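User: Please take a close look at the salt bridges in this structure, and then set them beside the other features that can be described. A single connected account, suitable for a first-year student, would be welcome.

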Amino acid sequence: MLPGSLRIGKVLGIDIAVHVSWLIIFVLLSWSLEVGLFAARYPGWSIAAYWALSILATLLLFISVLLHEMAHAVVARARGLHVKSITLFIFGGVSNIEKEPGAPDIEFQMAIVGPLTSLALAGLFGLLFLALGNNQSPLSAMLGYLALANGLLGVFNLIPGFPLDGGRVLHAIIWKLRGNVRVATRAASHIGQFIAYCFIFFGIWLFFHNYWLNGLWIGFIGWFLLNGAIASNTQGTLEAMFKGVHVGDVMDRSPATVPANISLRKLVDDFLLPHGWRSAFVVQVDQLAGLITLNEVRHVAREQWTQTPVGLAMVPLDRLHTVTTEQNLNEVLPLMIGQDVNQLPVVQDGHLIGSISRENIMRFVEIKRSLALDQGSEVTPAHL
Ligand SMILES: [Zn+2]
């Protein structure tokens, strides 16, 4: 789940959460509907009616967005991908799906079903609106609004730029046509960046032609798309580069270790200073016991260094993340970034057999790059 999101329930075994941005949008949207749409367009109702209608309309829109996301999740699950949670945020939602789709057809179906759901909902609300004969009643006003909002949601999400659904649809199509997932990622990212710049320039143009609010919005969407397009390319490149590379291939096989029973003074004088180490793994009777870094040493007053054993000051094993040699770099790197740690111990049956650091990974990337091993390799999609 994204940081800053609240879990609100479970539907079909999938955790549903709302990002704080949605709560802000909820209030703003209800308010803008109240003053901007219903009160302005349909005068003569009571204040309570405007508010009740605005809140109901916002709630129904919220459910519409949820249905859009559920559609992605249901298709993903039918294709054997595990969906952990759905978080609704400012532009819709994100489904937390454990793996990337393994084939273009799956990615295409998973992506397209969201906008299709929104467009179907737009059609449904539109039909109900027409059935009422646009009679200026509160109900008809709300149905008209929901038809329009779902229609916009469907169309907006079809814009071919990451992280919107349209970006994934485009990616799947190129992947299918070219048979290479990396070529597809690169091409989709370039197209996404081009579209993002179009939005940004159009936004700037509007801004200076008396439509400053619309200009700001469109510029903001462009900026959002640009970030998504750039991030997807970087991520795609890294993922492809790390595919099939395991911790055991890049780890440092002789990491810095110290015994648990020595004092902090001995640690500093005999290990950290002479070797220039900033951290060391702590070992007790052949087993990994923890990690000690300059940070833990700094937390102990210097007068107590002689009496304090390393084992007492270290970060104990149960607070460390450990990895095994068989783990893929694609799993380990997000773990490092998520936990904000520089290195992880590689453990087998409780024994420390190595360590993997961001530097190890960087060096691997550098070597691969300078030998041009990362160029033009065909990546066959794994079948699920
Ligand atoms: Zn979607």
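Analyst: In helix α9, K266 and D270 are four residues apart, which means that about one helical turn separates them. The two residues form a salt bridge, and their closest N and O atoms are 2.8 Å apart. This distance belongs to a predicted model. K266 has a relative accessibility of 38% and counts as partly exposed. The relative accessible area of D270 is also given as 38%, and D270 is likewise partly exposed. Both values lie between the limits of 20% for buried and 50% for exposed, so the intermediate term applies.

The same helix contains another such pair. The side chains of D269 and R265 meet in a salt bridge, at 3.5 Å from N to O. Both residues lie in helix α9, which spans residues 264–275, and they too are four residues apart, about one turn of the helix. D269 is partly exposed, with a relative accessible area of 36%, and R265 is partly exposed at 29%.

A search of the whole structure finds four salt bridges. One of them joins K176 to D105, with 3.3 Å between the closest N and O atoms. Here the partners come from distant parts of the chain: K176 is in helix α5, D105 is in helix α3 (residues 104–131), and their positions lie 71 residues apart in the numbering. K176 has a relative accessible area of 53% and is exposed, whereas D105, at 37%, counts as partly exposed. The cut-off for exposed is over 50%, so the two partners fall into separate classes.

Helix α5 also takes part in the zinc site. H68 and H72 each coordinate the zinc ion through NE2, and D165 does so through two entries for OD, at 1.9 to 2.6 Å. Along the chain these donors follow the spacing H-x3-H-x92-D. H72 in helix α2 (residues 47–78) and D165 in helix α5 (residues 165–178) are 93 residues apart, and the pair links distant parts of the chain. Both H72 and D165 are buried. The angles among the four donor atoms run from 55 to 149°, and the site is irregular. A tetrahedral label would require all angles to lie between 85 and 135 degrees, which is why that term is not used.

The next feature lies on the surface. A nonpolar patch of about 1,200 Å² is made by several residues, including Y197, F201, W212 and W223. Helices α6 (181–207) and α7 (212–242) each supply at least two residues of this patch, and α7 gives the most, with six. Another member of the patch is F208, which is found in the loop between α6 and α7. F208 counts as exposed, with a relative accessibility of 63%.

The last feature is a sheet. Four strands form an open sheet in the order β5-β6-β7-β8, with mixed pairing. Its edge strands are β5 (257–259) and β8 (315–316), each of which pairs on one side only. The pairing of β5 with β6 (residues 279–284) is parallel and extends over three bridges. Within this pairing, P259 stands opposite V283 in β6.

How values were computed: Residues numbered from 1 in each chain as written. Predicted model: local features only at pLDDT ≥ 70, side-chain atom pairs only at ≥ 80, totals over all residues. Heavy atoms only, no water. Patch = residues over 30% accessible without salt bridge, like charges linked within 9 Å, V, L, I, M, F, W, Y side chains within 5 Å. Areas by Shrake-Rupley, 256 points an atom, 1.4 Å probe, with all protein chains shown as cover. Buried < 20%, exposed > 50% of the residue type's maximum accessible area, 1.4 Å probe, protein only. Donors = N, O, S within 2.8 Å, 3.2 Å for Na, K, Ca; no water. Tetrahedral: all angles 85-135°; square planar, octahedral: opposite > 155°, others 65-115°. Pairing = 2+ DSSP bridges.
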